[in-house]
Amino acid sequence: MCPAQQPAFGEAGDCVAFNSSTGKANVDLSGLPFAVSATWKTAGWYAAGGYTKSSNDQIVNVSGGGFCGATAVDGALTVRYQYYQ
């Protein structure tokens with residue numbers, strides 16, 4: 001992610017400092033019959049960050065950054081149908 005680049009959906013990044021991770025993103029599918037099946041990857045110049053998923057994979061919190069770094073979806077942002085009883 002560069003300063004003038006629009007972040008992709010679910011991507012968190014910054015260009016603050018070495019190993020910074022002030023960029024934040026959130027994917028929240030609460031109340032829907034879907035769960036996130038995608039994974040994220042942190043990359044860039046002195047990049048830092050990561051992601052956590054809720055126990056049912058419906059909420060993902062993402063942090064990322066660096067001296068121009070980001071945590072972004074690795075491939076496609078995919079979801080799966082999750083049946084609730």
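Helices (H or I, at least four residues) and strands (E, at least two) are DSSP runs, numbered from the N terminus. With that in mind, start by colouring the protein chain by secondary structure, which comes to 0 helices and 8 strands, the elements running β-β-β-β-β-β-β-β from the N terminus on.

The model is a predicted one, in which local features need pLDDT of at least 70 and side-chain atom pairs count only at pLDDT 80 or more, while totals for chains, interfaces and linings use all residues. Residues are numbered from 1 along each chain as its sequence is written, and side-chain values use heavy atoms, with hydrogens and water left out.

**The whole chain**

Keep the protein chain in full view: along its principal axes the C-alpha trace spans about 45 × 20 × 15 Å. Show the surface next, and the accessible area (Shrake-Rupley method with a 1.4 Å probe; for residues, only the protein chains shown count as cover) comes to about 5100 Å², of which 57% belongs to carbon and sulfur atoms. Of the 85 residues in the protein chain, 33% are buried, where buried means under 20% relative accessible area, exposed over 50%, and partly exposed in between (1.4 Å probe, protein chains only). If contact is taken as heavy atoms within 4.5 Å, then 63% of the contacts with a separation of 6 or more in the protein chain come from residues 24 or more positions apart.

**Strand β6 and its two partners**

Now select strand β6, residues 59-65. This strand is largely enclosed by the rest of the structure, because 5 of its 7 residues are buried.

Add strand β2, residues 23-28, whose covered face consists of Gly23, Ala25 and Val27 and whose uncovered face consists of Lys24, Asn26 and Asp28. β2 and β6 pair in the antiparallel sense over 6 bridges, and two strands are said to pair if DSSP finds at least two bridges between them. To follow this pairing along the strands, look at Val27, which stands opposite Val60 in β6, and then at Gly23, whose bridge partner in β6 is Gly64.

Add strand β5 as well, residues 48-53, which also pairs with β6 in the antiparallel sense over 6 bridges. Thr52 is a residue to pick out here, since its bridge partner in β6 is Asn61. Moving to the hairpin of β5 and β6, which has 5 residues between the strands, select Asp57, which takes a positive phi near 60 degrees.

Which residues is Ser63 in contact with, leaving aside its neighbours within four places in sequence? Centre the view on Ser63, which lies in strand β6 and is buried, with a relative accessible area of 18%. Its contacts are Ala12, Ser21, Gly23, Lys24, Ala48, Gly49, Gly50 and Thr71.

**The loop between β1 and β2**

Go next to the loop between β1 (12-15) and β2, where Ser20 is found. Ser20 counts as buried, at 9% relative accessibility. Display its side chain together with that of Asp14, and a polar contact of 2.8 Å joins the two; such a contact is a pair of N or O atoms within 3.5 Å, where within protein one must be able to donate a hydrogen and the other to accept it, and residues adjacent in sequence count only if both atoms are side-chain atoms. Not counting residues up to four places away in sequence, Ser20 touches Asp14, Ala48, Gly64, Gly65 and Gly66.

Asn19 lies in this loop too, and its phi is near 60 degrees, a positive value in a residue other than glycine.

**Strand β7 and the segment before β1**

Select strand β7, residues 67-73, in which Ala70 lies. Is Ala70 buried or exposed? At 7% relative accessibility, Ala70 counts as buried. Draw a distance from its C-alpha atom to that of Gly13, and the two are separated by 3.9 Å although they are 57 residues apart along the chain.

Cys68 also lies in strand β7, and here phi is near 80 degrees, a positive value in a residue other than glycine. Cys68 is partly exposed, with a relative accessible area of 27%.

For the last stop, turn to Pro7 in the segment before β1, a residue that counts as partly exposed at 37% relative accessibility. The C-alpha atoms of Pro7 and Phe67 are separated by 16 Å, and the two residues are 60 apart along the chain.
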